[in-house]
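Biologist: Before we discuss any single label, I would like each one set against the rule behind it. Could you take me through the reasoning step by step?

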Amino acid sequence: MHPTPPRTPLHPRPRHWIKVAGASAVLALLAACGGSDAPPSQQLTLEQKVGQMVMMGVDGTSADAPGVQQALAQVRAGQLGGVILYRYNITDPTQVRALTGALQQANPLELPLLIALDQEGGLVQRLRASNGFADTPSHEEVAATQTPDQARATYRTMAQMVAGAGFNFNFGPVVDLRGDPLDPEHRAVSPVIGQLKRSFSDDPARVVLYASQFILAHREAGVLTALKHYPGHGLAASDSHLGLVDITRTAQPIEQWPFQQLVAGGMADAIMTAHLVNRNVDPDWPVTLSEKFIGPQLRTRDGFDGVVVTDDLHMGAIQQHHSLRESVVRAIVAGNDVLVFSNNPGAAKNAPGFVPRYDMGQHAATLVREAIARGELTTEQVDAAWQRLARLRGKLAAAH
């Protein structure tokens, strides 16, 4: 049994805002919705609300690439709420600013389009020296070699770089444990977390302390963050990119402690779920698709009322076992608010027959409409997710 770590002092949440959306795009959506005086985000159809819940990866580095063109068309129609970019989308600072700028300019809502990336530092950083930016140390290196103040400065530099490139949502920090806190040898456990130096520490309090510096630095730059990977991937013995990861025998309550502390301290903009199976909690569904984690645990028990983001639904852990339709419907039933579809062949390399598709906003809306007709979903579930998402995006909706 693990002792409860001491509470780490947390800081109040500063507010930062970003202006977006051209007047012509807003007027176009208002006309489509009937010309009401209410803001566009309050006039969305059911299909548009579902589209706003979708975050999609694109193929290409410029606005005229076919995959980007499909994304832009859905954004303009109010049918896509987020785009995630990867290293293959980024060649240099000027190029990526043009791409993110084109995506944001197409957005017709008064709420910003979410433009996301995974910028942790170390192995996982899309902006790096090789594409004209600057390298950032891994979480493990930061916590091992820097004081909290130094870490804040490191992450301030990174967050400003992220914001300057046109991103407003960083999928980090990783708050998974590096290994078992009681292991005297301090071994890194997970091949995709600790062994890749993506965790700050096997000490939960140290994880919270350094994750806080990451979050606060991003808030200063006007960038949202997402804690990952709930309920804890650090003690999992395999990689969910490759297949379903069973943590039934390895999961420990202490893994959820960093999430709980950051939620209690008002430090969680969003939380990303992991494709893990814990049969002691749900014998049938992985966390991302389960009704037994987000609602009962994260929201009711831990008091988190913010946005929950799926890990990539194109990863092998999901694609090998669930159809696209089942993934979309179950993710919403489970309580997720943002559904991530990377369209990244690297993430789906173990998924049989994987084919990227760039109409995910529209396609997900069709699947949800059919599920509602069958009684598998309700419009209230979609509305609740959209309200949480609109509240999060509202934090970016006015100027600094």
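Modeller: Let me begin with the rule for burial: a residue counts as buried when its relative accessible area is under 20%, and as exposed when that area is over 50%. The model to which the rule is applied here is a predicted one.

Biologist: What makes tyrosine 230 count as buried?

Modeller: Tyrosine 230 has a relative accessibility of 0%, and the cut-off is under 20%, so tyrosine 230 counts as buried. Across the protein chain, 60% of the 400 residues fall into that class.

Biologist: And how do you know that threonine 136, in the loop between β5 (124–125) and α5 (139–145), counts as buried?

Modeller: Its relative accessibility is 8%, which again has to be set against the limit of under 20%, and threonine 136 therefore counts as buried. With residues up to four places away in sequence left aside, threonine 136 touches Gly121, Gly122, Gln125, Thr154, Tyr155, Met158 and Met161.

Biologist: Tyr155 appears in that list, so let us turn to the rings. What makes tyrosine 155 and phenylalanine 200 an aromatic pair, and which kind of pair is it?

Modeller: Rings pair if their centres lie within 6.5 Å, and planes over 60 degrees apart count as edge-to-face. For tyrosine 155 and phenylalanine 200 the values are 6.5 Å centre to centre and 85 degrees between the planes, and the pair is edge-to-face. Tyrosine 155 belongs to helix α6 (residues 148–164) and phenylalanine 200 to the loop between β6 and α7, so that the pair links distant parts of the chain, 45 residues apart. Both tyrosine 155 and phenylalanine 200 are buried.

Biologist: Why is the pair of tyrosine 230 and phenylalanine 259 called edge-to-face?

Modeller: The ring centres of tyrosine 230 and phenylalanine 259 are 5.3 Å apart and the planes stand at 90 degrees, so the pair is edge-to-face. Since tyrosine 230 lies in strand β7 (residues 224–230) and phenylalanine 259 in helix α8 (residues 257–264), the pair ties together parts that are 29 residues apart in sequence. Phenylalanine 259, at 1% relative accessibility, counts as buried. The structure holds six aromatic pairs, and ring pairs link Tyr155, Phe200, Tyr210 and Phe214 into a cluster.

Biologist: How do you know that the charged end of arginine 330 sits over the ring of tryptophan 285?

Modeller: The distance part of the criterion asks for CZ of Arg within 6 Å of the ring centre, and there is also an angular limit of 35 degrees from the ring normal. The charged end of arginine 330 sits over the ring of tryptophan 285 at 4.1 Å from its centre.

Biologist: Arg330 is also among the buried residues of helix α11; why is α11 described as largely enclosed?

Modeller: Helix α11 (residues 324–334) has 11 residues, of which eight are buried, so α11 is largely enclosed by the rest of the structure. The buried ones are Ser327, Val328, Val329, Arg330, Ala331, Ile332, Val333 and Ala334, and they pack against elements including α9 (294–301), β11 (307–310) and α13 (379–394). Glycine 335 follows α11 and has a positive phi, near 110 degrees.

Biologist: What makes β2 and β3 count as paired strands?

Modeller: Two strands pair if there are at least two bridges between them. Strand β2 (residues 82–84) and β3 are joined by three bridges and run parallel, with isoleucine 84 opposite alanine 116 in β3. Between β3 and strand β6 (residues 169–170) there are two bridges, again in the parallel sense, and the partner of leucine 117 in β6 is asparagine 170. Together with helix α4 (residues 93–105), β2 and β3 make a right-handed β-α-β unit.

Biologist: Which way do the residues of β3 point, and are they buried or exposed?

Modeller: Leu114 and Ala116 point one way from β3 (residues 114–117), Ile115 and Leu117 point the other way, and all are buried. Methionine 55 touches residues that include Leu114 and Ala116, and Met55 is one of the residues that touch the most other members of the largest nonpolar core, which has 115 residues. The largest share of this core, nine residues, comes from helix α7 (residues 204–220).

How values were computed. Residues numbered from 1 in each chain as written. Predicted model: local features only at pLDDT ≥ 70, side-chain atom pairs only at ≥ 80, totals over all residues. Heavy atoms only, no water. Buried < 20%, exposed > 50% of the residue type's maximum accessible area, 1.4 Å probe, protein only. Helix = DSSP H or I, 4+ residues; strand = E, 2+ residues; numbered from the N terminus. Right-handed = clockwise from strand over helix to strand, strands pointing away. Contact = heavy atoms within 4.5 Å. Core = buried A, V, L, I, M, F, W, Y, C linked by side-chain atoms within 4.5 Å. Phe/Tyr/Trp six-rings, centres within 6.5 Å; stacked < 30°, edge-to-face > 60°.
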